[in-house]
Amino acid sequence: MLDQPLALPVKQSEEGCDWMESVKPDLQPLGLVSTKSSLSGCQFVFPNNKGAQVHAYHPYGWITQDSPVMEPVEIAGIKGRTYAFDPEPATFCSVNMDVRAYASIAVDAYDVTSDEAGTRAEHCELAKKVAEVLLKKFVPLAGGKPAPSTVQEPSAEALKNLDVCEVVKFTHANYAGVNAGREGAQKGEGPLGPTCTHEVPYAKAVGMYTNGTGGLEAVPPKAGAEVRNGQFGTLKARFEQTEETCALSVQLGNGQVVQVDFIGKKKEAMPRTCVSAQLILSVSMLALITGEH
């Protein structure tokens, strides 16, 4: 489920790190030395050249590349994973937490002087400790409140003059294994608004937004589908699931609807059609919130 508000701002800029000052007192028990905001993330430095960098701009999805470390973890009641892509002698370690929002929270821990200094075990431990502080302070599921500057939904003008293939982009579909590329995006026109189709032998993803502002009530459900109403982040949403497909429709504040219909073509795509639709649409929502298309 992705039914929770964003915990931290998703802008990749100094503005996206404006919450760092408020968390300094909570990190003092870990010996916080200094903080720094950058395009790559919000950075904290601890004693003995230990660093931690926080990212909050990617959804929690499956990891497909090889990883020498991949272990489940639970912190402050939130499930996640510890992972590291680089084999030893690299000592980098990351924790990625599923906070049930469009963007997960990831904490990378490392030695600030060398990729091979220190030990992976101590870096994993630091990443977990920093993640625990962040979860308890900013994630409602762990008893916190989102950072005050966090924007939770797209602006009323978010879709104005925006090409549908920029709203549900080929890079967004990549998150769910639909790697059709920019040239593979096929524009069309449906009864309610423009469509953009991304298709590979594995599956097809169709993005759509409505021209009208009548909300979900003005979007007829798919015939024969099991329909579930719910939340997508802070917005009203509807899932329409069949054996091989899942359409997720989300109502924006101005009454327009954005939809991703994920159609499985291979057997392995079928059990995760709704997860796939959620992944794609979460990236699309993040882009609409930040204006980065």
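## Enclosed strand, paired strands and cavities

Author: Strand E12 (residues 235-241) has five of its seven residues buried, so E12 is largely enclosed by the rest of the structure. This is a predicted model, in which local features need pLDDT of at least 70 and side-chain atom pairs count only at pLDDT 80 or more, while totals for chains, interfaces and linings use all residues. Residues are numbered from 1 along each chain as its sequence is written, and side-chain values use heavy atoms, with hydrogens and water left out.

Reader: What makes a residue of E12 count as buried?

Author: Buried means under 20% relative accessible area, with exposed over 50% and partly exposed in between (1.4 Å probe, protein chains only). Five of the seven residues of E12 are buried by that cut-off.

Reader: How do you know that E11 and E12 pair?

Author: Two strands pair if DSSP finds at least two bridges between them, and strands are DSSP runs (E, at least two residues; helices are H or I, at least four), numbered from the N terminus. Seven bridges join strand E11 (residues 226-232) to E12, so the criterion is met, and the two run antiparallel. Phenylalanine 232 stands opposite leucine 235 in E12, and the hairpin that E11 and E12 form has two residues between the strands, with glycine 233 in the turn at a positive phi of about 65°. On the same criterion, E12 pairs with strand E13 (residues 245-251) in the antiparallel sense over five bridges, and three residues lie between E12 and E13 in their hairpin.

Reader: Why are E1 and E4 called edge strands?

Author: Seven strands form an open antiparallel sheet in the order E1-E2-E3-E7-E6-E5-E4. Strand E1 (34-38) and strand E4 (69-75) each have a single partner strand, so one side of each is left without a neighbour in the sheet.

Reader: What makes the enclosed spaces cavities, and how many are there?

Author: On a 1 Å grid over the protein atoms alone, a cavity is a set of points where a 1.4 Å probe fits but cannot get out, and lining residues have an atom within 4 Å of a point. Two cavities of 30 Å³ or more are found in a search of the whole structure. The largest cavity holds about 90 Å³, a volume being the space filled by probe spheres set on the points, which are joined across faces, edges and corners. Its lining has 18 residues, and Lys11, Cys42, Val54, Ala56 and Tyr57 lie nearest the centre.

Methods: On a 1 Å grid over the protein atoms alone, a cavity is a set of points where a 1.4 Å probe fits but cannot get out, and a pocket is an open set with protein on both sides within 12 Å along at least five of seven lines; lining residues have an atom within 4 Å of a point.
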